[in-house]
Amino acid sequence: MEGNMGKKWHTLSVFLLMVLTSVSYGQKREIERAVASSEVPESARNWLETAYQGHGKTKWYFQTDGEKEVYEAKLKWKRNWHSVEFAPEGDIRNVEILIRTRDLDQEVRENMFRYLSGEYSSFKIDRLQIHYTGSSSALRDLIAGDNTGPELVREYEVEFVGRKNGVSTLWEGQFDKCGNFMEKRKIELSSTDVLDF
Amino acid sequence: MKKFWILFVTGLICLALHESQAQQRHRFTSGLFPEAQLTYDLSDAYYITHKIESQHGMFDAQRLNRELAYSHTLTDLQSFVGRRITPFVKVDLGYQYRIEDGENTHRPIQQVAILQRGNFFRIGHRIRTDQTFFSEEAVLLRLRYRYAVQLPLQGTQLDPGEKYLTLSNEVIYMTQSAEDDIENRLVASLGFYVDDNTKYEVGVDYRTDDYLVPDRFRSRLWLKFGVYWSL
């Protein structure tokens, strides 16, 4: 009798384990969490200290989509928010600077707005970032003196609401250094039910 | 965020006012406040929300020996139909049936909810009007504004399995038969974001009212816990 019960429990445990394993394998989980600076590779911290001399408070985050892993530092520098992305080994990958629409160069603004007003009956930019990629030294020079040399690749990441055929949609659009449209993807906001009722 | 602190400080001032008035006459009750909410889409633009919330009194400072005793205060059954105007703006029309001792009431509700995104948090603005109908008394009209901040506790965005903090303050102006009053609701909750379809919250809800009625100032502290589903 006891042996039978034990066998049943054993079978049930194996079944549950299989279900849990298959569920966790089936999900590709995007995770982003705050981490202590001590958890961040030393080379990343050193790069940040050298590039942003005398910076204020920095918050560190670890992000993964199940495949790619990055460390990200967020800090305010010269009145703008900067997001600095590092590889897991601590190598600098890119710098994103949050700006306002009025900070855009005229040519970039004109090209960007030409695309948006041509594509949508109305639009509103909600969030605008300049995305810089380049060598470690070029990115360091950028931060030190706002020097955007030719070795840096500059792109714009724009989150905007575009209205078309009576439907408003939130998009993340990528524009090149001149403000020409490259690509876009739809942004699904997480639910706001707890804030609405 | 600055607006939140202004409202939060307003709430604290209300609390201080309460304490000073409480010296004269203490009208304080406390209890449990469970709630459950279900939202589902009708189409890309339209959605339905059902909510049930219930207040259960456990403590009343005016009881002779201040003993704990259970009493059902009220239960609200609400349903809303909502439309997404933009990804950040929603408009809802709702109806509430309130079950309470004495008289059950009917209340149409209209609201606009606006989402604002920050670097590390989300802000929800809610402007609401409602009208409560009684069988004998005149209709009660209310105008409400709520400011809520949702702060992920483990990063800049909420991921499944993470916790968040919600702080909100709501100011309510009401008028009935040419008499008016103000109510304030300060809520702090810890949320568990299981996934985008399931959230749990536990928190405290501190309500003060009868500010404009002499010697009637009242406060209520509720232990709130809720579950929120969206399909």
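This report describes how chain B and chain A meet, and which charged side chains pair, in a predicted model.

**Where the two chains meet**

On the side of chain B, 39 residues are in contact with 28 residues of chain A. Putting the chains together buries an area of about 2,900 Å² between them, and carbon and sulfur atoms give 51% of that area. Within chain B, the residues that lose the most area to chain A are B:Arg117, B:Asn119 and B:Phe120, which together account for 20% of what that side buries.

Polar and charged groups also take part in this meeting of chains. Between chain B and chain A there are 19 residue pairs in polar contact, counting pairs in which both residues are at pLDDT 80 or more. The side of chain B that touches chain A is made up of 13 nonpolar, 13 polar and 13 charged residues. Side chains of opposite charge can pair when their charged atoms come close. Four salt bridges are counted between chain B and chain A. B:Lys199 and A:Asp193 form a salt bridge, with their closest N and O atoms 2.6 Å apart.

**Charged pairs within chain B**

Over all chains, the count comes to 26 salt bridges. Three that lie within chain B are set out in the table below.

| Pair | Closest N to O distance |
|---|---|
| B:Arg98 and B:Asp76 | 2.7 Å |
| B:Asp130 and B:Arg142 | 3.0 Å |
| B:Arg220 and B:Asp209 | 3.2 Å |

The salt bridge between B:Arg98 and B:Asp76 links distant parts of the chain, since B:Arg98 belongs to strand β4 (residues 89-100) of chain B while B:Asp76 belongs to strand β3 (residues 71-86) of chain B, 22 residues apart. Both B:Arg98 and B:Asp76 are buried.

In the salt bridge between B:Asp130 and B:Arg142, the partners again come from distant parts of the chain, with B:Asp130 in strand β6 (residues 122-132) of chain B and B:Arg142 in strand β7 (residues 140-152) of chain B, twelve residues apart. B:Asp130 is buried, and B:Arg142 is buried as well.

For the salt bridge of B:Arg220 with B:Asp209, B:Arg220 is found in strand β11 (residues 218-230) of chain B and B:Asp209 in strand β10 (residues 198-209) of chain B, so this pair ties together parts that are eleven residues apart in sequence. B:Arg220 counts as buried because its relative accessibility is 11%, and B:Asp209 counts as buried because its relative accessibility is 5%. Elsewhere in chain B, salt bridges that share partners join B:Arg126, B:Asp130, B:Arg142, B:Arg144 and B:Glu170 into one network.

**A residue in strand β10**

B:Thr198 also lies in strand β10 of chain B. With a relative accessible area of 15%, which is under the 20% limit, B:Thr198 is buried. Leaving aside neighbours within four places in sequence, B:Thr198 is in contact with B:Phe192, B:Tyr193, B:Tyr228 and B:Trp229.

**Confidence in chain A**

Chain A has an average pLDDT of 87, and 84% of the residues score at least 70. Over residues 21-28 of chain A, however, the pLDDT is below 50, and this stretch has two contacts in the model beyond near neighbours in sequence. Where pLDDT is low, the predicted coordinates should not be read in detail.

Methods:
Residues numbered from 1 in each chain as written. Chains lettered and ligands numbered in written order. Heavy atoms only, no water. Contact = heavy atoms within 4.5 Å. Buried area = accessible area lost by both parts, 1.4 Å probe. Salt bridge = Lys/Arg side-chain N within 4 Å of Asp/Glu carboxyl O. Polar contact = N/O pair within 3.5 Å; in protein donor to acceptor, adjacent residues only side chain to side chain. Nonpolar A, V, L, I, M, F, W, Y, C, P; charged D, E, K, R; others polar. Helix = DSSP H or I, 4+ residues; strand = E, 2+ residues; numbered from the N terminus. Buried < 20%, exposed > 50% of the residue type's maximum accessible area, 1.4 Å probe, protein only. pLDDT = per-residue confidence, 0-100.
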